[in-house]
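Visitor: I should like to learn how to read the features of a model such as this one. Please take me through them one at a time.

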Amino acid sequence: MLISKKWLSEFVKTPKGLSDEDIAETVTLSTVEVESIADQAGALENIVVGVIESVEQHTNADRLKVCKVDVGGRVTQIVCGGSNVKKGMKVVAALPGARVLWHGEGDHVELKKTKIRGEESEGMICAGIEIGLTHTNEGEHEILDLGDVKAKAGDALAGALGLDDVIFDIEHKSLTNRPDLMGHYGMAREIAALTRSPLKEYKPAKITAGKGITLTVDVEDQELCPRYMAVALEGIVVGPSPEWLRNRLNACGVRSINNVVDVTNFVMLELGQPMHGFDADVLGGDKVKIVVRKAKAKEKITALDAQTYVLDSDMFLITDGSKPMAIAGVMGGEDSGVSETTTRIVFESANFSATSVRKTSTKLSLRSESSARFEKALDPNLCELALARAVELMKELSPTARVCSAVIDEKKKLDVAKTLSFPSELVNARLGSSISTGEMEDILTRLGFGVSNKKEIFTIVIPTWRATKDISIKEDVIEEIARIYGYDNIPSTLPTFVIEPPAVDRVAVLARTARKVLAYGSGASEVYLYAFVSPETLEALGESLDDYLKLANPLASDRPYLVSSLIPNLLEAAEQNQRSFDTVNLFQCERVFRKDDEGEEPGGAGSGSAGGEGKNKLPGQPRMLTGLYTKKGVEEPFWKAKEMMEKVMVVMGYSVELRPSEKPSPWQHSGRQAQIIVSGEVVGLVSEIDPEKTTALGLDNRVAVFEINLELLVRQDEPLAVYKAVSVHPSVKRDLAFVAADRTEFADIETAIEKAVDLLGSIELFDVYRGKGVEEGHKSMAIHLSFRDDDRTLESSDVDVEMEKIRKVLTEQFGATMRS
Amino acid sequence: MKKELDQLKKEFLTLVERVSDRDSLETLHNEFLGRKGKLKGAMQEMAKLADGERKAIGKIANEVKEAIEIAYGGHQAQFNKQEREHAMGSEWVDVTQPGLGENSKGSIHPVTQVQQDLEDLFTSMGFMVLDGPELESDYYNFTALNIPPAHPARDMQDTFYVEGHEKKEGDKWVMRTQTSSVQVRALREYGVPIRAIIPGRCFRNEATDARHEHTFHQLEGLVVGKGITFADMKGVFQAVADYLYGKGTKIRLMPKFYPFVEPGVRGELECFLCKGKGCRVCKQSGWLEVMPGGMVHPNVLREGGIDPEVYSGFAFGFGLTRLVMLKYGIDDIRHLESGDLRFLKQF
């Protein structure tokens, strides 16, 4: 929001020596953020009014002209591309040192004396937009014509245009709870409080009722419209506003329309109270009956922006008794607006429910200066001031204007002043400060609060302009004291707490370990990828879209689904990276979203208990650790993925067992996939991707992944090493090689041998071979075995007995043939 | 005889000094001490001597032999040394050569790194590190935070809704717009006193460009207990500033409206790059706005089952993504969620 310093200074006289920067900083530190300060004159330095003495075609450029320009006391040459430049024209001459925006875009550029296609050019003749004037009327490729401006060659442009104001730009969001600051008077009041400066009372002349139009107002729902004031005026001559008024509006970024509309806008910018001016003759002429009611379903109105809006029965309307004339608090209707032929008007100064205006403007996607103010909840007392000010100003601008109706004021009983009461010591208790009660009282008084202090109990009367929503509880008042006292002046301490070790999130601990192992042990890179995935990718992987949660309002329609596994987006990332890297080794640790799993409770109002009984639980959102490996020329990436997973598991302290899943997902390579089993529970998988699917996704090489559900993993017992006494008796080592059917699983062999043999110390597979010398469909396996008895040293004959048992197991249970 | 022996010794010691390679050393050694060597010859002569004399000469002969052996050993050791040195020289490796093959270093995402760094700071101060659902109920993301339906503050954040749960009041599901969504969950689960941080991923429905991402990371903090003050919040902010950018880094707090805090603050750090002078990073202001927070609103405490008349506290929500970008000077936020190894391998 733009605030004019000149306008402010009509209401508040700030102490001498307080610079614009000081004011901005004070306001920023204590109230709302001032984003920038624009010194209009400063921005127009070295820019003067010029008068064109001659125009000649540039010999080297069709579109350029070489102009001799009188810039006051001397004539200089400027090359100009403006299509409308002509002799005698009064123009904006930006001289060397001036800062301009080329074609109104980009950053400011400081002009220098230069040569353009061989012709000397001392500066630039500008369009309005090139010097930051947004409401000028020249066409494309045209320069600004200053014909209407009373100024002579050489006059500083800032002075000539009355642009000698300083504009503070207030960050919009910081006004969310301060509707009282959405006008100059409110801002002046705040600055007066901050700088201990006197504030001029806002006191427009009282309206004297007149005769001519019978004006009645009927408000059907006073909850939605707590106050509606209106008055009619006749003898209006619609025309342009005077320059001072146009400059004010301009300074605040509002375009001048005509004197009536400008008055309503001016009052809004001054007081923060939106107003509207109707053409009284459209509303009903001598008898105007305004009915404020809810819209009928499908009722239509064409608003001042020339758009037609279809309304619903929640929306609030201003009507002439039958037809809609305005959308309450949002925008006036096109038909009832003031036109050049209007002579009688009705001013509306009303207060509408914040919620209702907000809902309406949201539903219609129609935002206006008016709705932006109403939806923040305005003080109904403003209506009266605003209406009086508007009438006063209208009479000034159009001297024949006179009030020709009664002053209507339909209102529900306005609330008596709201009060709050609390012990004064609470302020310092909450702030950790030591502000005296005297200072607290002073601060509140400056801000317009009523304060009484009886036995250290404050009773605070909230000023009406703060009472609508902003200040309602004692904490709000404490904030007022804190911010004016200065956040900087409050000491800095550290909270005291009972020493207690914090609860630990085991998943986070595991994830941290896993990241280190994968990155620094396996050379993988951690990626962050979106929670959203495209239907194309899911379908390419053979997934059913029905199994996925979907966004109702995705940003772009290309990624509307929520990931239920990290694998699809990791595959996309691998595809992107394979162009630059032969090896792509990635991992991600993040939540996924499972449509059919139950997660946390959704909560419910009030109770402080878990709440939300009987409501849908949120979907399950387990944290997953997922890795991917692919490398040019590697045909069995499965092994690397498995190794990465095992390394992580070892460091986290879990021992794992792998078993092929009987029901692999469609995207899995059915022959190269396994479930990860910890303590009998499946906690994840290792798998290659079906090569057909990777090809469909544009991947050049075989890809393997692993996935660990960390939430399931932490449910397993905390891993603990088991100590067994180190045997004093030596172990005996033997090797054994045998041929078994290709699909024989080593884990089965291991289990069977462990079961059959009593003296087994360890078993280790050290070679697997297929090919020459081994029957087709078979593989040769070689194992190291060690035998041990904790009570004695084994004899060779003891081991022979055990080896015989093993051979028997292998031949009988696995149909293996011994190779040695 | 003695003379001859001394002569032999002298001769060897002279000759051995001239030896330049191992072979000639061996030959020389053989010539003197070999089976048919000169000393052997001399010893044979010795047999002819009388007992007494033989004993004395024998002693001398042994001394001579020992001296020759020592000299021989010394030279031999020298040749060994030379050869070892030569061999090691020829086994030169390029120490600057990186490890070849698979296990080149991977990387941990910069956001994770900064997050873990802050987690360590806060756990050292006794904070819990919590987590919460990213697909969150409208209740925890908004209503519980004093943002009832139709509150204008809902416009401050463009929200992703989940299909099938976007309309019905009380059953709306959103992608959490802020980690503050975990505040009331944490209060309900752990009660007071509580010190917790909640780092995590958040979502806003806004178009992406170099400075905007619909997916970003925050680090929420929550401290509630008896007698927790605004000054305590300042102290914790200062501790973070000191930790991140060095002791004595200036901070300043200003009012800002957030519905779930009262008073609300906008916390700024003195720009670490220019130390407050104004530069490109801080957009010439000298300050970086990275610490929003405030005293927890009584309504939020009530939703958490905490009596605001007895307990008070503060909350904050650091922009983790922003801290990361500032730390490394990353100019395009989109890199962070891109999965691009060319970016990630730099960390």
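Visitor: Which residues of strand S15 of chain A are buried on one side, and which on the other?

Guide: A word first on the source: this is a predicted model. As a general idea, side chains in a regular strand alternate between the two faces of the sheet. In strand S15 (residues 276-279) of chain A, His276(A) and Phe278(A) are buried on one side, and Gly277(A) and Asp279(A) are buried on the other, so both faces are covered.

Visitor: Which strand is joined to S15(A), and in what direction do the two run?

Guide: Strand S22 (residues 345-351) of chain A is joined to S15(A) by 4 bridges, and the two run antiparallel. Within this pairing, His276(A) stands opposite Glu348(A) of S22(A).

Visitor: How should I read the strand order of a whole sheet? What is the order in the sheet of 7 strands?

Guide: One lists the strands by their pairing partners and then looks for the edges. Here the open sheet in chain A reads S28-S31-S34-S38-S37-S36-S35, and its pairing is mixed. Strand S28 (525-526) and strand S35 (657-659) of chain A are the edge strands, each pairing on one side only. Within the sheet, strand S36 (residues 668-678) and strand S37 (residues 681-689) of chain A run antiparallel and are joined by 7 bridges. Ile676(A) is placed opposite Gly684(A) in S37(A).

Visitor: Which strands does helix H18 of chain A touch?

Guide: Helix H18 (residues 567-577) of chain A packs on the sheet and touches S31, S34, S37 and S38 of chain A. The direction of H18(A) makes about 150 degrees with that of S31(A). Helix H16 (residues 506-521) of chain A lies across S28, strand S31 (583-591), strand S34 (623-631) and strand S38 (703-709) of chain A. The angle between H16(A) and S31(A) is about 175 degrees.

Visitor: What is the strand order in the open sheet of 5 strands?

Guide: That sheet of chain A has the order S5-S4-S3-S6-S11, with antiparallel pairing. Its edge strands, each pairing on one side only, are strand S5 (75-80) and strand S11 (124-125) of chain A. Strand S3 (residues 47-57) and strand S6 (residues 90-94) of chain A are joined by 5 bridges, and Val48(A) stands opposite Ala93(A) in S6(A).

Visitor: Let us turn to helices. How many residues of helix H5 of chain A are buried?

Guide: An α-helix has 3.6 residues a turn, so residues three or four places apart point the same way. One therefore asks which directions are covered, given that residues three or four places apart point the same way. In H5(A), 12 of its 12 residues are buried; among them are His184(A), Arg189(A), Glu190(A) and Thr195(A). Helix H5 (residues 184-195) of chain A reaches 16 Å from its first C-alpha to its last, close to the 16 Å expected at 1.5 Å a residue.

Visitor: Which residues of helix H9 of chain A are buried?

Guide: In helix H9 (residues 354-364) of chain A, they are Ala354(A), Ser356(A), Val357(A), Arg358(A), Thr360(A), Ser361(A) and Leu364(A). Their cover includes strand S18 (308-310), strand S19 (316-319), strand S20 (324-327) and helix H10 (369-374) of chain A. Ser365(A), which follows H9(A), has a positive phi near 50 degrees.

Visitor: Where is Arg196(A) found, and is it buried or exposed?

Guide: Arg196(A) is in the loop between H5 and strand S13 (214-219) of chain A. It is a residue other than glycine with a positive phi, near 55 degrees, and it is exposed, with a relative accessible area of 57%. Lys455(A), also not a glycine, has a positive phi of about 50 degrees. Lys455(A) lies in the loop between strand S26 (450-454) and strand S27 (457-461) of chain A, and counts as exposed at 82% relative accessibility.

Visitor: Which peptide bond before Pro193(B) is cis?

Guide: The bond from Val192(B) to Pro193(B) is cis, with omega near -5 degrees. Pro193(B) lies in the loop between helix H7 (182-190) and strand S4 (194-203) of chain B. Another cis bond joins Glu262(B) and Pro263(B), with omega about -5 degrees; Pro263(B) is in strand S7 (residues 261-270) of chain B.

Visitor: Why is chain B described as more spread out than a compact globule?

Guide: Chain B has 11 helices and 9 strands. Its radius of gyration is 42 Å, well over the 20 Å that the globule rule gives for 347 residues, so chain B is more spread out than a compact globule. The C-alpha atoms of chain B fill a box of roughly 130 × 45 × 45 Å along the principal axes. Of its 347 residues, 57% count as buried.

Methods
Residues are numbered from 1 along each chain as its sequence is written. Chains are lettered from A and ligands numbered from 1 in the order in which they are written. This is a predicted model: local features need pLDDT of at least 70, side-chain atom pairs count only at pLDDT 80 or more; totals for chains, interfaces and linings use all residues. Side-chain values use heavy atoms; hydrogens and water are left out. Two strands pair if DSSP finds at least two bridges between them. Contact means heavy atoms within 4.5 Å. Axes are lines fitted to C-alpha atoms, for helices over the stretch in contact, and angles run from 0 to 180 degrees between N-to-C directions. Buried means under 20% relative accessible area, exposed over 50%, partly exposed in between (1.4 Å probe, protein chains only). The radius of gyration is taken over C-alpha atoms; the globule rule is 2.2 Å times the number of residues to the power 0.38. The expected span of a helix is 1.5 Å times one less than its number of residues.
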